[in-house]
Amino acid sequence: MGYQSASEYEFQRLLALTRYEILDTAPETRFDQLTALVADALEVPIALINFVDEFRQWGKSCMGLESSEAAREDSFCAHTIGLAAIGQRSGLIVPDARQDERFADNPMVTGAPDIVLYAGVPLTTPDGYHIGTLCVTDRVVRAFGDREMRLMHGFAALVMETLEARRRERQLTLDTQSSAAQVRELRRVAADAETLAAVTALFDSGLDSVEATRATAELLGTAADVDWCGLFRTDDHGLDLLASWERAPQGSGPITDANTILGGVAGFAARAQLSSFVDDYSAHPRALPGLLDLGVKAVAALALGEIDGTRYLLASARMHEVRPWRGSDRILLEAAARIVRGALERHARLQAAQAAAQLDALTGLPNRRALDEALRVEDEEGHGVKVALVDLDGMKAVNDGEGHDRGDTLLQVFARALRAQFRSSDGVYRLGGDEFAVLLRGPGDGLDDDEVLERVDQAVVATRAASFSSIGASTGIAHSSGQSMLETVAEADRRMYQHKRRKASLRRPGLTASR
């Protein structure tokens with residue numbers, strides 16, 4: 001150990017005692033068997049295993065006494081370890097304490113347990129600190145020689161071996177518990193990782209965002225032990241529940257009308273985009289009586305942020321029994337929320353890209369790709385439609401005579417004029433160059449062919465009024481009844497070129513030539 005001051009030694013001795021975690025523990029058979037063996041071998045009525053801390057002596061095993069606890073200043077054992085600490089003796093023998101000036105006035109001599117003989121040896125740790133004693137006492141004067149002390153030292157060594165074994169067992173138990181906890185934590189982390197991987201796969205699987213969110217909610221229900229989960233969106237007009245999942249559906253579930261929770265935790269979190277975990281929903285100032293009646297006990301509201309002007313929220317609820325949110329629950333739900341947000345952002349970008357791909361950059365009208373998609377939908381749904389193809393006459397002359405910038409302006413003016421002539425339910429498209437198309441849905445209650453031609457003529461008039469006096473339009477109209485959309489468009493195209501050839505042969509502009 002090297003040189004240590006008395007105070008430093010005492011500090012280290014107390015630390016050594018603490019390592020054994022022995023003070024104030026319940027009796028243990030293995031120590032009681034040792035003190036019984038000592039009492040029998042040395043033929044004494046009392047054998048003790050005592051430990052000495054900063055203020056007291058405390059007995060782990062007391063053969064012949066109910067307790068050996070005493071103040072440190074009255075402790076025979078404190079004298080024993082004090083002498084051992086300074087190297088004077090490896091044990092203490094007091095044949096008659098009544099005649100020993102150090103102990104004659106000791107309350108354990110003048111009163112119970114009426115100590116006369118005391119013999120004790122230190123309990124010494126492997127690193128040399130004396131933490132207690134093995135001692136015997138008697139109520140009569142007894143001779144106690146070298147043989148008895150050798151036995152005491154042998155028994156003290158057995159006590160320390162037992163104490164060390166106990167310490168190792170406790171450490172092994174702690175290590176085992178720690179390992180088991182680590183295994184459980186690793187399994188939980190692995191399970192959470194699998195859940196998050198499954199959530200990611202859902203959004204990459206081709207499901208739409210609502211169906212993927214519903215499946216995500218079910219996965220979270222198992223992994224985070226939630227009973228209900230839903231995706232909300234909110235804007236200036238209110239709150240919508242896009243998708244939800246409930247562990248054990250009863251009726252229509254805990255939330256049927258999203259706007260009923262506008263004043264609650266989820267509604268506030270959605271509008272303010274502030275995430276919150278509420279362990280005791282009933283105590284929250286924004287708790288709603290209707291949800292309390294349904295058994296909502298805990299709520300997690302995770303703001304997903306704003307995407308294209310719309311704010312989103314992923315909310316979860318635990319029902320019927322209080323189960324506070326653990327740190328691992330929060331980590332899992334927050335990670336899932338990030339995945340859902342990423343998927344919503346990708347979906348928004350895809351929609352924007354698709355919309356941009358279907359717009360004509362010059363006029364802002366939908367393009368040929370958009371028309372093809374609209375015709376595909378009409379073909380699948382079998383609706384009756386009318387298709388008008390319009391060719392802007394005089395475009396080449398403007399480009400050749402006034403330049404392409406002027407030609408671009410002509411296209412923009414005509415596109416606005418044509419769009420203004422038709423209903424919002426009708427589609428107006430620029431197909432490229434000087435070609436346009438109008439898709440009129442619901443021909444039964446829509447415009448007849450003459451009205452369509454009249455409206456194209458009005459668009460021409462409006463364009464001529466914008467300093468393009470030489471332009472005209474050739475139009476062909478076809479109905480989808482009894483034929484595919486491809487055949488309908490081909491028929492409209494054929495009629496448009498018939499109209500163009502007829503005008504060319506007449507050599508006059510076509511304000512009304514399409515009739």
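**Close-up 1. The contacts of Thr475 in a predicted model.** In this predicted model, Thr475 touches Ala388, Leu389, Val390, Leu453, Val456, Arg495, Met496 and His499, leaving out residues up to four places away in sequence. You will find Thr475 in strand β15, which covers residues 472-479. With a relative accessible area of 7%, Thr475 is buried.

**Close-up 2. Helix α14 and its two faces.** Let us move on to α14, a helix of 22 residues (485-506). From its first C-alpha to its last, α14 reaches 32 Å, close to the 32 Å expected at 1.5 Å a residue. Which residues of α14 are buried? They are Met485, Thr488, Glu491, Ala492, Met496, His499 and Lys503. Because these residues cover an arc of only 140° around the axis, they sit on the same side of α14. The face turned away from that buried side carries the exposed residues Leu486, Arg501 and Ser505. And what do the buried residues of α14 pack against? Their partners are α10 (368-381), β12 (385-393) and β15. Two of the names in this view, Met496 and His499, may be familiar from the contacts of Thr475.

**Close-up 3. Strand β1 among its partners.** Here we look at β1, residues 46-52. Since 7 of its 7 residues are buried, β1 is largely enclosed by the rest of the structure. In a regular strand, side chains alternate between the two faces of the sheet. Ile46, Leu48, Asn50 and Val52 point one way from β1, while Ala47, Ile49 and Phe51 point the other way. Strand β6 (residues 130-138) runs antiparallel to β1 and is joined to it by 6 bridges. In that pairing, Phe51 stands opposite Gly132. Strand β2 (residues 56-63) also runs antiparallel to β1, again with 6 bridges. There, Leu48 stands opposite Cys62. A hairpin through 3 residues joins β1 to β2.

**Close-up 4. Thr137 in strand β6.** Staying with β6, we come to Thr137. Is Thr137 buried or exposed? Thr137 counts as buried, because its relative accessibility is 4%, and the cut-off for buried is under 20%. Leaving aside neighbours within four places in sequence, Thr137 is in contact with Val44, Pro45, Ile46, Ile115, Leu117 and Tyr118.

**Close-up 5. Pro113 in a loop.** Pro113 belongs to the loop between α4 (107-110) and β5 (117-124). At 15% relative accessibility, Pro113 counts as buried. Beyond residues up to four places away in sequence, Pro113 touches Leu65, Met108 and Arg139. Its C-alpha lies 9.8 Å from that of Gly64, although the two residues are 49 apart in sequence.

**Close-up 6. The largest nonpolar core, with Phe51 in view.** This core has 31 residues, and Phe51, Leu123, Leu134 and Val136 touch the most other members. Each of α1 (6-19), α2 (29-42), β1, β5, β6 and α5 (146-204) supplies at least two residues of the core. Which element gives the largest share? That is α5, with 7 residues. Looking at Phe51 itself, its contacts outside the neighbours within four places in sequence include Leu17, Ile22, Leu23, Trp58, Leu123, Gly132 and Leu163. Apart from this core lies another, of 28 residues, with Val390, Val460, Phe468 and Ile477 among them.

**Close-up 7. Aromatic rings in pairs.** The count comes to 6 aromatic pairs. One of these joins Phe277 and Trp325 edge-to-face, at 6.1 Å centre to centre with 70° between the planes. This pair links distant parts of the chain, 48 residues apart: Phe277 is in strand β9 (residues 276-278), and Trp325 is in the loop between β11 (310-319) and α9 (327-357). Phe277 counts as buried at 17% relative accessibility, and Trp325 is buried with a relative accessible area of 5%. For Phe414 and Phe436, the ring centres are 5.1 Å apart and the planes are at 70°, so this pair is edge-to-face. Phe414 lies in helix α12 (residues 404-420) and Phe436 in strand β14 (residues 435-441), so the pair ties together parts that are 22 residues apart in sequence. Both Phe414 and Phe436 are buried. Elsewhere, ring pairs link Phe76, Phe103 and Tyr118 into a cluster.

Note on methods:
Residues numbered from 1 in each chain as written. Predicted model: local features only at pLDDT ≥ 70, side-chain atom pairs only at ≥ 80, totals over all residues. Heavy atoms only, no water. Helix = DSSP H or I, 4+ residues; strand = E, 2+ residues; numbered from the N terminus. Buried < 20%, exposed > 50% of the residue type's maximum accessible area, 1.4 Å probe, protein only. Contact = heavy atoms within 4.5 Å. Expected span 1.5 Å × (residues − 1). Arc of directions from axis to C-beta. Pairing = 2+ DSSP bridges. Core = buried A, V, L, I, M, F, W, Y, C linked by side-chain atoms within 4.5 Å. Phe/Tyr/Trp six-rings, centres within 6.5 Å; stacked < 30°, edge-to-face > 60°.
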